[in-house]
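This report goes through selected local features of one protein model. The cysteines are taken up at the start, followed by a helix pair, backbone outliers and a set of individual residues.

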Amino acid sequence: MTRFFPRWPVRTGGDIGPDERLPWPQMVVMGVQHVVAMFGATALAPILMGFDPNTAIFFSGVGTLVFFVITGGRLPSYLGSSFAFIAVVVTATAYAGQGPNLNIPVALGGILAAGVLYTLIGAVVQVAGTAWVERLMPPVVTGAIVAAIGLNLAPIAVRGISADGFATVIGLATVLAVALIAVKGRGMARRLPILLGAVCGYGCYFVGANLLGFGAPIDFSTLAAAPWFGLPRFEQPVFSLSAIVLIAPVAIILVAENLGHVKALGAMTGRNFDPLIGRAFIADGIATIASSLGGGTGVTTYAENMGVMAVTRIYSTLVFVVAGCFALLLSLSPKFGALILTLPGPVIGGVAIVVFGLIAATGGRIWVQNGVDFSHARNLVVAAVALTAGAGDLTLRIGGFSLGGIGTATFGAIILYHLLAGWEPERERASTADSAIGD
């Protein structure tokens, strides 16, 4: 009889598989490293949406443990705040871009709906297999969707560093710091360009604003007043049909993202994780539902932590139990959350330029890795329409409802790809598309 959880025998050298582990002291250090790796993005996403970062970190820990249990401890993953929700949440809540978001409950209702839809898709995949998902969203479509997300978010990042000349200098200095650390960093520093780049930008802003008076000084009064220990700020969802219609389609994006992550893990470990894809979707969906019920952001499996696994070649799923528990402990300090909220807007904007740009670039990476042939007019047109709809935030209004740029790009890419099926001769080349464009 197959055990629900593996036994995790101890190994001290070589690659450590998902069903193996290192001695516990080393496991604890590895778990902390994974929390550090995910921290920058998991804290940044809620800030950009006006959520409490402590609450988001709390539910990232909860979600990771939920994922571990539902996948039977066989699929190594950390769940952190999903950036796919940012644009639709900002639109649904009319968030101004700084400070607490007063309409978080409305966003939570939409996030919960996305989690339910995601879970249902996972249940279908578990029963019917994954072939239909890959047919529905081939690499040209998933790459276009991911790239459109990054392009749709780009104006938010640019606005963050455009208030005045000082803000622009700080934002660009933050971008440069992130870039130099990512390219020139050594050892663990190279794994933390976002976090360390933000620290550099923070220091530059403090010197320029608090000491030299070039900008509004950082206010540390809230940090000083915050207690060292306390529960995160929990909130309950409020259901608005317009917000649900706007936010729920993000589930499709999460499916494409998670599918790519599972395939990448299979390539890294040399194992076939396809039988676990349905359970991975269900686990991610339930984790998102749990997060939305308490005031957290939607969650997703994190590429940052896959990068750590690729470098260390330690894939033990027990590492993520340690990481999830450490994230829970970290979230129980309101002072920690208050420190995050002192991040100046230009620093957040500078980091966002890099992060959102990387999201867009990841779409191109999906195309390259899967050998998408843009000499076919069908692929070229699908990508072009999705990118323009996302970057231009093309909003479709149907009655009293509206579908934002990311939703339009997602559904547009899927529908257009299949609508054009059979219309293009198999060997027709890009000359057709080039002629239509007027190249």
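The model is a predicted one. In it, the sulfur of Cys-200 lies 6.8 Å from the closest cysteine sulfur, that of Cys-204, which is too far for a bond. A disulfide would need the two sulfur atoms within 2.5 Å. The structure as a whole holds zero disulfides. Cys-200 is partly exposed, at 36% relative accessibility. Cys-325 is likewise partly exposed, with a relative accessibility of 36%.

**Helix pair H7 and H8**

Cys-200 and Cys-204 both belong to the H8 side of a helix contact. Helix H7 covers residues 165-184 and helix H8 covers residues 193-211; they pack at an angle of about 150°, and their axes are 8 Å apart. The crossing of H7 past H8 is right-handed. On the H7 side, the residues that meet H8 are Phe-166, Ile-170, Thr-174, Ala-177, Val-178, Ile-181 and Ala-182. Their counterparts in H8 are Pro-193, Ile-194, Leu-196, Gly-197, Cys-200, Gly-201, Cys-204, Tyr-205, Gly-208 and Ala-209. Sorted by class, this contact comprises 13 nonpolar residues, four polar ones and no charged ones. The glycines in H8 fall under the polar class, because Gly is counted there.

**Positive phi outside glycine**

Two non-glycine residues with positive phi are described here. Trp-8 has a phi of about 55° and is placed in the segment before helix H1 (24-49). The relative accessibility of Trp-8 is 13%, so it counts as buried. Asp-393 has a positive phi of about 50° without being a glycine. Asp-393 sits in the loop that runs between helix H17 (377-391) and strand S3 (396-398). With 38% relative accessibility, Asp-393 is classed as partly exposed.

**Ser-81 in strand S1**

Which residue's side chain makes a polar contact with that of Ser-81? The partner is Thr-297, at 3.1 Å. Ser-81 is part of strand S1, residues 79-81, and is buried, with 1% relative accessible area. When neighbours within four places in sequence are left aside, Ser-81 is in contact with Ala-41, Thr-42, Ala-45, Pro-46, Ala-56, Thr-297, Gly-298 and Tyr-302. Thr-297 thus appears both as a contact of Ser-81 and as its side-chain polar partner.

**Selected residues in helices**

The C-alpha separations of four helix residues from a chosen second residue are tabulated below.

| Residue | Second residue | Separation in sequence | C-alpha distance |
|---|---|---|---|
| Val-262 | Ala-280 | 18 residues | 8.3 Å |
| Leu-108 | Gly-296 | 188 residues | 7.7 Å |
| Leu-416 | Ala-386 | 30 residues | 9.3 Å |
| Val-141 | Lys-263 | 122 residues | 16 Å |

Val-262 is in helix H11, residues 250-269. Its relative accessible area is 3%, which makes Val-262 buried. Not counting residues up to four places away in sequence, Val-262 touches Leu-75, Phe-273, Ile-277 and Ala-280. Ala-280 is therefore in the contact list of Val-262, where contact means heavy atoms within 4.5 Å, and the C-alpha atoms of this pair are 8.3 Å apart.

Leu-108 belongs to helix H4, residues 104-128, and is buried at 0% relative accessible area. Beyond its neighbours within four places in sequence, Leu-108 is in contact with Phe-51, Glu-235, Gln-236, Pro-237, Ser-292, Gly-295 and Gly-296. Gly-296, one of these contacts, is 188 residues from Leu-108 in sequence and 7.7 Å from it in space, C-alpha to C-alpha.

Leu-416 lies in helix H18, residues 405-419. With residues up to four places away in sequence left out, Leu-416 touches Val-381, Val-382 and Val-385.

Is Val-141 buried or exposed? Val-141 is buried, with a relative accessible area of 0%. Val-141 is located in helix H6, residues 139-160. Residues up to four places away in sequence aside, Val-141 touches Val-382, Ala-413, Ile-414 and Tyr-417. Val-382 is thus touched by Val-141 and also by Leu-416. Lys-263 is not in the contact list of Val-141; the C-alpha atoms of that pair are separated by 16 Å.

Key:
Residues are numbered from 1 along each chain as its sequence is written. This is a predicted model: local features need pLDDT of at least 70, side-chain atom pairs count only at pLDDT 80 or more; totals for chains, interfaces and linings use all residues. Side-chain values use heavy atoms; hydrogens and water are left out. Axes are lines fitted to C-alpha atoms, for helices over the stretch in contact, and angles run from 0 to 180 degrees between N-to-C directions. Helices (H or I, at least four residues) and strands (E, at least two) are DSSP runs, numbered from the N terminus. A crossing is left-handed if the near helix is turned anticlockwise from the far one by less than a right angle, and right-handed if clockwise. Buried means under 20% relative accessible area, exposed over 50%, partly exposed in between (1.4 Å probe, protein chains only). A polar contact is a pair of N or O atoms within 3.5 Å; within protein, one must be able to donate a hydrogen and the other to accept it, and residues adjacent in sequence count only if both atoms are side-chain atoms.
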